[in-house]
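Student: Could you take me through the ligand site of this model, with the cut-offs behind each term?

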Amino acid sequence: MLEEAREAKEAGCDVVELRLDFLEDFEEPGRDLEEMIGGFDALGLPCVVTYRPSWEGGQYEGDDAPRLATLKMAMEVGAAYVDVEFLIAPVFMAALGSKEARLKAYSKTKVIVSSHDYEGTASDEDLRRLVRAIRAVGADVVKFATTGQDVSDGNRVLSIVKEASASGPIIGLCMGEKGQATRILAPKYGGFLTFGALSPERQSAPGQPTIDQLKNLYRLDSQSADTKVLGIVGNPVSHSKSPAIHNGALGRAGLASEYVYIPLLVDDFDRFVRSLPDEDWVGLSVTIPHKGAALAAAAEADEVARSIAAANTLVRIGEGKGFKAYNTDWLAAIVSIEQAMADNGMGAAGAGASPLAGKTVVVLGAGGAGRALAFGAASRGASVIVANRTAEKAVALAEQLQPAGRGVSLADLGSGAVGGDLDVLVNTTSVGMQPNDGESPVPEHVTSSFKVVFDAVYTPLHTKLLRDAEKAGAVVVTGEKMFVGQAAEQYRLFTQQEPDIELMTDIVLGRK
Ligand code: NAP
């Protein structure tokens, strides 16, 4: 255990929790507590002693009397904190005597009184009542933990922690991935402390980030009440590299105390936006499946997002005015294709006409990314053919383009039924993505009809489609450029500053 405490100290923890109910050989409390707390003291690491009974979600199955006696013993040994459950706190506090007597007898120890709800999150009024009742029982630190059934539960908990922190130390957490913001944003909202696990396998509650993530990715030590919140909204979202690249770039630019970027597992986009605790949530990245809902929830939208009918970015406009929607997916991909064309003598990128003007671009897929790329290519003056597994969707999308394109089925493209000069092939289907990286959306021979092939999939970087295209002699453009490009444009919209693109690329490619 002391080894783990040392590990926690090295990872930057200020305090450790000693969960007595998890110990397998805790037979002589007097001796063991003295040894353990003495060991933590020697490391300069204060500890919270918790002995959680099964009736409050812990592992201890015995009677409460010896359990409470053990907590009292921890106070006698000089533990910095003991944690006692609200339901039995009146009994425990009565045994310690008056507050004055307690402070005199146990001057080194503060009492955390805690309440846990493993089912859900009560109403705001009930939570406020609970906080008042915990304080009234004599707690030095109030702790309540709920379970997040929806991301809005976590947002409500943050608001209550902020409000209650004005009247004394409080820890308010919402368990589970949907409540993770309460753990990451505890310093901003006035939380007394937050919990981190030594490693993902050693979580003591669901949704607990690791100490390394809290310290180095979300930079708890840099947060203040003024820190602005950014985040990636999706479902699923835990795999997203957006927190790593945005926080990495923010840190590199010296903006770590101004912004923190967090993952947000959201079921209902509208409900999420309505539940935001305050206007310090200034920017959101949006991914599958919320790009349509994000556009609908925004007060304003730029023309591109409106024509694509999907937004991947929301930026707060101003006090009480809501968000403006943007779509940064298309520009990043189009610019990386244009750059590759210019680098290979197919027309200059940047000023003047696009190298895509007058070219024929075949977009595979008619989903969110397909719409973005088809509109983007058309806006650069290319004639666009949309090829999709479901041909009707390809036809519908092609008809909306300006000028109108042509919609075909993927099978038609594979069988050679699509004639004419073809220039650029753009894959926006998910075919070829890990773990199915042996697959390609089109038969190998199709790639030989194109001079440039782009794949939006970037795990793996060199998809089967791109490997086939390289073999056929085409210029290939990998998908991380789109990912980094869309994130970089979001960063500009969020901060009005230029990000370190090289760093973002290194993070996406796992080089940092
Ligand atoms: P989406 O809206 O769900 O669209 C999925 C598209 O893929 C549809 O056209 C669908 O065809 C097609 N598809 C799915 N499975 C297929 C299969 N087995 N065979 C043939 N076609 C298939 O998803 P999205 O948001 O457009 O994303 C699509 C891909 O682009 C994902 O892999 C995503 O990771 C990637 N992406 C990358 C970036 C980046 O920054 N690099 C950005 C956005 C998206 P049907 O219409 O017939 O179902």
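Tutor: Happy to; here is the ligand site, from its shell to the pocket around it. This is a predicted model, where local features need pLDDT of at least 70, side-chain atom pairs count only at pLDDT 80 or more, and totals for chains, interfaces and linings use all residues. Residues are numbered from 1 along each chain as its sequence is written, and side-chain values use heavy atoms, with hydrogens and water left out.

The ligand is surrounded by 22 residues (a heavy atom within 4 Å), the closest being Ala369, Asn388, Thr390, Lys393 and Ala456. By class, this shell holds 11 nonpolar, nine polar and two charged residues, where Ala, Val, Leu, Ile, Met, Phe, Trp, Tyr, Cys and Pro count as nonpolar, Asp, Glu, Lys and Arg as charged, and the others, Gly among them, as polar. Helices H15 (368-379) and H19 (480-495) each supply at least two shell residues; helices are DSSP runs of H or I with at least four residues, numbered from the N terminus.

Now the N and O pairs within 3.5 Å. Oxygen atoms of the ligand lie 2.4 Å from a polar side-chain atom of Thr390 and 2.8 Å from one of Asn388. A polar backbone atom of Gly479 is 3.2 Å from a ligand nitrogen. Of the 920 Å² of accessible area that the ligand has on its own, the protein covers 76% (Shrake-Rupley method, 1.4 Å probe).

Note on methods:
Polar contact = N/O pair within 3.5 Å; in protein donor to acceptor, adjacent residues only side chain to side chain.
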